[in-house]
Amino acid sequence: MPHQHKVHVAIFASGSGSNAKALIEFSRKNEAAYEVIVIVSNKELAGVRTVSEQYGIPFEYVADSGNGPAMISLLQKYGVDIIALGGYMRLLPPELVKAYSSKIINIHPSLLPNYGGKGMYGMNVHMAVYKDKLPFTGITIHFVDEEYDRGLSLVQAKVDIADCTSPEAISAKVKTIEHLIYPMVLHEMCKRIYSQT
Ligand code: GRF
């Protein structure tokens with residue numbers, strides 16, 4: 001059944017935006033409980049900007065991403081209910097995390113707490129996993145609190161990488177799984193919010 005009142009989602013991203021794309025694609029299905037209404041980035045020329053243009057979604061470049069009150073009023077202007085981070089390379093200002101408490105989720109390309117924390121982002125994660133010769137890695141979707149990779153975990157999925165012969169191959173395989181699971185988790189979360197209103 002089509003959802004009439006969709007939850008308003010802002011995607012925060014700094015990179016290529018492949019997760020943003022997957023989230024938007026899913027949102028275009030009738031049954032999706034959410035709608036992506038704005039993409040926020042700390043990088044003016046990030047690849048995700050092209051994604052926003054492709055789908056006709058407003059792109060907001062935020063030069064001073066540490067300014068909590070300004071970020072909050074920007075999101076209020078769009079009526080944002082939920083924030084989904086997808087490769088966002090800045091720490092969120094504490095005021096924002098407080099204002100959107102339990103309404104911010106992130107995706108991390110490992111089974112947290114493994115390969116999380118400072119410096120553990122993007123290819124750094126996959127290079128470390130590759131170096132450790134692990135037969136599997138995974139993804140974690142979690143709530144965001146003041147301490148980045150520390151929020152409560154919502155979903156973890158294991159990814160078999162026994163056949164991967166490079167960090168790039170691991171990254172590609174992990175991203176395929178991210179693109180499948182992230183939209184579903186966001187959808188389920190929004191469905192729940194919805195049934196409470
Ligand atoms: C993803 O691997 C995600 O897990 C991490 O950053 C990467 C973003 O990639 N947080 P993309 O820009 O969505 O392709």
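A polar contact is here a pair of N or O atoms within 3.5 Å. In this predicted model, such a pair links the side chain of Glu-178 to the ligand, where an N or O atom of Glu-178 is 2.4 Å from a ligand oxygen atom. The protein around this site is built from 6 helices and 7 strands, and the space that the ligand takes is the largest pocket.

**Ligand site**

- Two further polar contacts are made by the backbone: an N or O atom of Asn-19 lies 2.8 Å from an oxygen atom of the ligand, while an N or O atom of Ile-107 lies 2.8 Å from a nitrogen atom of the ligand.
- Taken on its own, the ligand has 370 Å² of accessible area, and the protein covers 89% of that area.
- The residues around the ligand include Gly-15, Ser-16, Gly-17, Ser-18 and Asn-19, together with Gly-87, then Ile-107, His-108 and Pro-109, and finally Lys-175 and Glu-178.
- By residue class, this shell divides into 7 polar, 2 nonpolar and 2 charged residues.
- Two or more residues of the shell are given by each of the elements α1 (18–27), β5 (104–108) and α6 (167–195).

**Overall fold**

- Followed along the sequence, the helices and strands of the protein come in the pattern β-α-β-α-β-α-β-α-β-α-β-β-α.
- The radius of gyration is 16 Å, close to the 16 Å that the globule rule gives for 197 residues, so the protein is as compact as a globular protein of that length.
- Along the principal axes, the C-alpha atoms of the protein fill a box of roughly 45 × 40 × 30 Å.

**Backbone geometry in the loop between β5 and α5**

- Most residues other than glycine have a negative phi, and most peptide bonds are trans.
- The peptide bond that joins Leu-112 and Pro-113 is cis, with omega about 10°, and Pro-113 has its place in the loop between β5 and α5 (122–131).
- Tyr-115, a residue other than glycine, has a positive phi, near 55°, and Tyr-115 likewise lies in the loop between β5 and α5.

Terms used: Residues are numbered from 1 along each chain as its sequence is written. This is a predicted model: local features need pLDDT of at least 70, side-chain atom pairs count only at pLDDT 80 or more; totals for chains, interfaces and linings use all residues. Side-chain values use heavy atoms; hydrogens and water are left out. A residue is near a molecule or strand if one of its heavy atoms lies within 4 Å of it. A polar contact is a pair of N or O atoms within 3.5 Å; within protein, one must be able to donate a hydrogen and the other to accept it, and residues adjacent in sequence count only if both atoms are side-chain atoms. Accessible areas come from the Shrake-Rupley method with a 1.4 Å probe; for residues, only the protein chains shown count as cover. On a 1 Å grid over the protein atoms alone, a cavity is a set of points where a 1.4 Å probe fits but cannot get out, and a pocket is an open set with protein on both sides within 12 Å along at least five of seven lines; lining residues have an atom within 4 Å of a point. A molecule sits in a cavity or pocket if more than half of its atoms lie within 2 Å of its grid points. Helices (H or I, at least four residues) and strands (E, at least two) are DSSP runs, numbered from the N terminus. Ala, Val, Leu, Ile, Met, Phe, Trp, Tyr, Cys and Pro count as nonpolar, Asp, Glu, Lys and Arg as charged, and the others, Gly among them, as polar. The radius of gyration is taken over C-alpha atoms; the globule rule is 2.2 Å times the number of residues to the power 0.38.
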